[in-house]
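Me: I'm new to this protein and would like a close look at one part of it. Could you pick a single residue, work through its surroundings, and then walk me outward from there?

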Amino acid sequence: MSTPAPPTLQKPKHIKYWLRCLRTCLPSDYTSTDLNRLTLGFFCIAALDLLGCLHTETTEEDRAGWINWIYKNQLPIGGFRGSPATDLGKGADGSEWDPPIVPASFFALAALVSLGDNLERVKKRELLELLPKVQREDGSFGEWLGGDGQIIGGSDMRFVYCAVAIRWILRGREGKGVVEGVKDINVEGVVRFIRSAESYEHGISDKAFGEAHAGLTYCAIGALALLGRLHPTSDGLSTHANILRWLTSRQVPSQAQDELRDEEYESQITNGTEQEITAGAAITYGADGRPLWAGFNGRCNKKTDTCYSFWVCGSLDMMKKLHLVDFSGNRRFLLEKTQHFIGGFAKLPVPGTPPDILHSFMGLASLALMREEGLNRLDPTLCISMQAKERLMSMDWWRDAAV
């Protein structure tokens, strides 16, 4: 059969979507994310930066206001809270009801860099001093520090990545630091923890003997890249060939069952045989014999999902192997299956699914990695535009730390 004309990125609609998310009240579905407002703000700012309109569709006054809002969430003891909702005005010591949060601190730094701030107001020493305090003996990191000094939060790769990214941003490429006498994290402990979480499939899990997951794999590879331990001789992962095989296996043809809601899919599994489901899951091929739509899943035997188009492609890009994926299949999946008519991207290729902030950013980020026309290039390690990263690396204090 003939291959249909290539789809297009509806850039004006995406710009309107992100400006609406940034400037107006979000839908009620976001109520449960109130404690993560800094994270949502980062996605909005970074998305506009990728679209190349952060400095044209917003005013200098807008950007200064957002920068000041981020700094209002910086605690006197260093680090950032995740949302002004925890600022209860009952203490300035970062007590247990209002502690600095590791992921929020990373998103604050990344948003500030994207906005063009020079980070001069960041309490660098205090934030760097927090990192070894939230690192566990096994090399993993928690989310925050309790009032009694107890490390709180899970120990998976998300916090490892955020902690290592903060270190890279504030200490520079070589990790020598912008301040003297600040204890560094246990780098070898981080590498050991990541190696321990490599599954039998050679993806990365949240812990030893866990199930491999593309998002956690991205965090692990990103942490190793920022530590300078990703190259094959660094003893960071078993072999690159094994993990590359697992990552490239995450790209799968989009089938009819992918467009079913979860309850509909479960009903088919309950009421039909595996053969009947497979027979009804037709795959459409182009003239070149390749599937027209080929997105990514995050684990074996899971449905395709917009965010994994970034988690997998970002991992491969850091390993200099992005060329191993089917660009056309991924692009068609994003632009024809999950791109929403009001702008943004939906999580799944299910009709009627609205766009959301996380998946809308991940869709743009994946396209940016593939050099989509009209988008700025993306740095896969920090998940910000290349222009933003270059601004950071050109700052005097950062260059002094990196030499």
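Reply: Let's start with a word we'll need: a residue is buried when its relative accessible area is under 20%, and exposed when that figure is over 50%. Keep in mind too that this is a predicted model.

The residue I'd pick is Leu 335, which sits in helix H13. Its relative accessibility is 6%, so it counts as buried. What does Leu 335 touch, once its neighbours within four places in sequence are set aside? Its contacts are Pro 7, Thr 8, Leu 9, Phe 345, Leu 367 and Glu 372. Take Phe 345 from that list: it lies 10 residues from Leu 335 along the chain, and their C-alpha atoms are 8.5 Å apart.

Phe 345 leads us on to His 340. That histidine belongs to the loop that links helix H13 (327-338) to helix H14 (357-369). Apart from neighbours within four places in sequence, His 340 contacts Phe 345, Thr 353, Pro 354 and Pro 355. Is His 340 buried or exposed? It counts as buried, because its relative accessibility is 16%.

From that loop we can step on to H14, which has a partner in H12. The axes of these two helices come within 8 Å and cross at roughly 40 degrees, and the crossing is left-handed. On the H12 side the contact is made by Thr 306, Cys 307, Ser 309, Phe 310, Trp 311, Cys 313, Gly 314 and Asp 317. Facing them from H14 are His 359, Met 362, Gly 363, Ala 365, Ser 366 and Leu 369.

Just ahead of H12 there's a residue worth a stop. Asn 301 is in the loop between strand E4 (294-296) and helix H12 (306-318). It isn't a glycine, yet its phi is positive, at about 65 degrees. Why does that catch the eye? Most residues other than glycine have a negative phi. Asn 301 has a relative accessibility of 78%, so it counts as exposed.

Now compare Leu 119, found in the loop between H4 and helix H5 (124-133). Here too phi is positive in a residue other than glycine, with a value near 65 degrees. But Leu 119 counts as buried, because its relative accessibility is 0%.

That loop brings us to H4 and its partner H6. Helix H4 (residues 102-114) packs against helix H6 (residues 157-171) at an angle of about 40 degrees, and their axes are 9 Å apart. That angle makes H4 oblique to H6, and H4 passes H6 in a left-handed crossing. Among the H4 residues that take part are Phe 106 and Leu 109, and those they and their fellows meet in H6 include Phe 159, Tyr 161, Ile 166 and Ile 169.

H6 has another partner, helix H7 (residues 187-196): these two pack at an angle of about 150 degrees, with axes 12 Å apart. So H6 is roughly antiparallel to H7. Met 157, Val 160, Val 164 and Arg 167 of H6 make this contact with Val 187, Val 190, Phe 193 and Ile 194 of H7. Here as well the crossing is left-handed, with H6 passing H7.

Next, jump to helix H16 (residues 396-402), where you'll find Trp 398. With a relative accessible area of 2%, Trp 398 is buried. Its C-alpha atom is 5.8 Å from that of Gly 172, although 226 residues separate the two along the chain.

H15 (residues 386-394) is a good helix for seeing where buried residues sit: Ala 388, Lys 389 and Leu 392 are buried there. Looking down the axis of H15, you'd see its buried residues fall within an arc of 100 degrees, so they line one face of the helix.

Finally, step back to the whole protein. It has 16 helices and six strands. Of its 403 residues, 56% count as buried, Leu 335 being one of the buried ones. Among contacts with a separation of 6 or more, 69% involve residues 24 or more positions apart. The protein exposes about 17,900 Å², and carbon and sulfur atoms supply 51% of that area.

Conventions: Residues are numbered from 1 along each chain as its sequence is written. This is a predicted model: local features need pLDDT of at least 70, side-chain atom pairs count only at pLDDT 80 or more; totals for chains, interfaces and linings use all residues. Side-chain values use heavy atoms; hydrogens and water are left out. Buried means under 20% relative accessible area, exposed over 50%, partly exposed in between (1.4 Å probe, protein chains only). Helices (H or I, at least four residues) and strands (E, at least two) are DSSP runs, numbered from the N terminus. The arc is that of the directions from the helix axis to the C-beta atoms. Contact means heavy atoms within 4.5 Å. Accessible areas come from the Shrake-Rupley method with a 1.4 Å probe; for residues, only the protein chains shown count as cover. Axes are lines fitted to C-alpha atoms, for helices over the stretch in contact, and angles run from 0 to 180 degrees between N-to-C directions. Angles under 35 degrees count as roughly parallel, over 145 as roughly antiparallel, 65 to 115 as roughly perpendicular and the rest as oblique. A crossing is left-handed if the near helix is turned anticlockwise from the far one by less than a right angle, and right-handed if clockwise.
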